[in-house]
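Open your viewer and get ready to click along. We will go stop by stop, with something to select at each one.

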Amino acid sequence: MINGEPVTEEQIRAWQQQAREGLDVEGLSRRGRPRLGKAGESPVIPVRMDTELLEALTKRAEHDGVSRSQAIRDAVRAWIHAA
């Protein structure tokens, strides 16, 4: 099954034919999250915070319509440029 739908024999035959002809590797989508910058990796930085701060972050991010990660990135950018 794919996305909850059964795979048909016709689809399997089409995939077999595609494999015999050669796959367009460049056309395949990449797994995982997209990179944030234009080049290179997007390192994950674990951050610990107390429950009160996490709740405030979650509430503000929801209010602003952004993810917690985006809210943290925005706050760090603002902090860097404020110096």
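In which segment is N3 found? Select N3 and you will land in the segment before α1. Its phi is near 50°, which is a positive value in a residue other than glycine. Turn on the surface here: N3 is exposed, because its relative accessible area of 77% is over the 50% cut-off.

Before going further, a word on what you are looking at. This is a predicted model, and the protein chain averages a pLDDT of 85, with 80% of the residues scoring at least 70. Colour the chain by confidence and compare two helices: the mean is lowest in helix α1 (residues 9–21), at 87, and highest in helix α2 (residues 51–64), at 96.

Now switch to a cartoon view. The protein chain has three helices and zero strands, and along the sequence they follow the pattern α-α-α. If you colour by accessibility, expect few buried positions: buried residues make up 4% of the 83 residues in the protein chain.

**Stop one: around α1**

Select T8, which also has its place in the segment before α1. Is T8 buried, exposed or partly exposed? Its relative accessibility is 43%, so T8 counts as partly exposed. Show side chains and look from T8 towards Q11: a polar atom of the T8 side chain lies 3.0 Å from the backbone nitrogen of Q11.

Next, pick the end C-alpha atoms of α1 and ask for the distance. They are 18 Å apart, which agrees with the 18 Å that the 13 residues of α1 should span at 1.5 Å a residue. Just after α1 you will meet G22, with a positive phi of about 105°.

**Stop two: the loop and V47**

Move on to V47, in the loop between α1 and α2. V47 has a relative accessibility of 53%, so it counts as exposed. Add I72 to the selection: the two residues are 25 apart along the chain, and their C-alpha atoms are separated by 9.9 Å.

**Stop three: α2 from end to end**

Which side chain reaches towards the backbone nitrogen of E52? Select D50, at the start of α2: one of its side-chain oxygens comes to within 3.1 Å of that nitrogen. Then follow the helix along. α2 has 14 residues and reaches 20 Å from its first C-alpha to its last, close to the 20 Å expected at 1.5 Å a residue. At the other end, α2 is followed by G65, whose phi is positive, near 70°.

**Stop four: where α2 meets α3**

For the last view, show α2 together with helix α3 (residues 68–82). At what angle do their axes cross? The axes come within 9 Å and cross at roughly 100°. An angle from 65 to 115 degrees counts as roughly perpendicular, and α2 and α3 are therefore roughly perpendicular to each other. To see the contact itself, display L54, L57, T58 and A61 of α2 along with R68, A71 and I72 of α3. You have seen I72 already, as the partner of V47 in the C-alpha distance of 9.9 Å.

How values were computed
Residues are numbered from 1 along each chain as its sequence is written. Side-chain values use heavy atoms; hydrogens and water are left out. pLDDT is the predictor's confidence in each residue, from 0 to 100. Helices (H or I, at least four residues) and strands (E, at least two) are DSSP runs, numbered from the N terminus. The expected span of a helix is 1.5 Å times one less than its number of residues. A polar contact is a pair of N or O atoms within 3.5 Å; within protein, one must be able to donate a hydrogen and the other to accept it, and residues adjacent in sequence count only if both atoms are side-chain atoms. Buried means under 20% relative accessible area, exposed over 50%, partly exposed in between (1.4 Å probe, protein chains only). Axes are lines fitted to C-alpha atoms, for helices over the stretch in contact, and angles run from 0 to 180 degrees between N-to-C directions. Angles under 35 degrees count as roughly parallel, over 145 as roughly antiparallel, 65 to 115 as roughly perpendicular and the rest as oblique. Contact means heavy atoms within 4.5 Å.
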